[in-house]
Amino acid sequence: MSKYGTWMLERLVIKYCDIGGSSRGMRLFLSEALPVFQQQNPQLEVEEVLRRYRHPMLVGLYRNGRSKPICVKNKAPKEIMEQIMWLRNSHGRGMEYHVVRSRHLSRNPSIQGQWTVSTFAADLEAENERRLTRTALQTQF
């Protein structure tokens, strides 16, 4: 994707095998669709790497130094083109994660408070005493 007038995807590395069955779609893509794609995207540097006995992969290298590898094992040329377009249109940001500080997450916290193990302890103790007295009265006769 173009950010501030420059494309973020700098290089596209296409890794494939010349004899493997899982690379059949990639070989078709390289012979048919890649020349057209390169004409439409002159800003993108495309590199083909032959790796025997390995599954085909696409690796997008971005200007911010990040890379995104995608396995395209047993995919058709159309699906490979979709993955390449996804790499081209993304910014190259990583998957950020958030450290959870508490186990209770809510935008609208409960008025009653957070549930704990002893939240209904008093009610349970009263119910248990009633059951005990009821069974004690039934066993007297």
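Author: Let us start with a term: a disulfide is a pair of cysteine sulfur atoms within 2.5 Å. This is a predicted model, in which local features need pLDDT of at least 70, side-chain atom pairs count only at pLDDT 80 or more, and totals for chains, interfaces and linings use all residues. Residues are numbered from 1 along each chain as its sequence is written, and side-chain values use heavy atoms, with hydrogens and water left out.

Reader: Thanks! How many disulfides does a search of the whole structure find?

Author: The count is 0 for the whole structure, where a pair would need sulfur atoms within 2.5 Å.

Reader: What makes C17 buried?

Author: Buried means under 20% relative accessible area, exposed over 50%, and partly exposed in between, with a 1.4 Å probe and protein chains only. C17 has a relative accessible area of 1%, so C17 is buried.

Reader: And why is C71 called partly exposed?

Author: Its relative accessibility is 43%, which lies between the two cut-offs, so C71 counts as partly exposed.

Reader: How do you know that S23 is buried?

Author: The relative accessible area of S23 is 0%, which is under 20%, so the word applies. S23 sits in the loop between β3 (9-16) and α1 (24-32); helices (H or I, at least four residues) and strands (E, at least two) are DSSP runs, numbered from the N terminus.

Reader: Which residues does S23 touch?

Author: Leaving out residues up to four places away in sequence, S23 touches Y16, C17, R54 and P56, where contact means heavy atoms within 4.5 Å.

Reader: Why does L124 count as exposed?

Author: L124 has 54% relative accessibility, and the cut-off is over 50%, so L124 counts as exposed. This residue lies in helix α4 (residues 121-140).

Reader: How many helices and strands are there in the protein chain?

Author: The protein chain has 4 helices and 6 strands, and along the sequence they follow the pattern β-β-β-α-α-β-β-β-α-α. Of its 141 residues, 25% count as buried.

Reader: Where is confidence lowest, and where highest?

Author: pLDDT is the predictor's confidence in each residue, from 0 to 100. Strand β1 (residues 2-3) is lowest in the protein chain, at a mean of 66, while strand β4 (residues 45-50) is highest, at 97. The protein chain averages 86, and 86% of the residues score at least 70. Where pLDDT is low, the predicted coordinates should not be read in detail.
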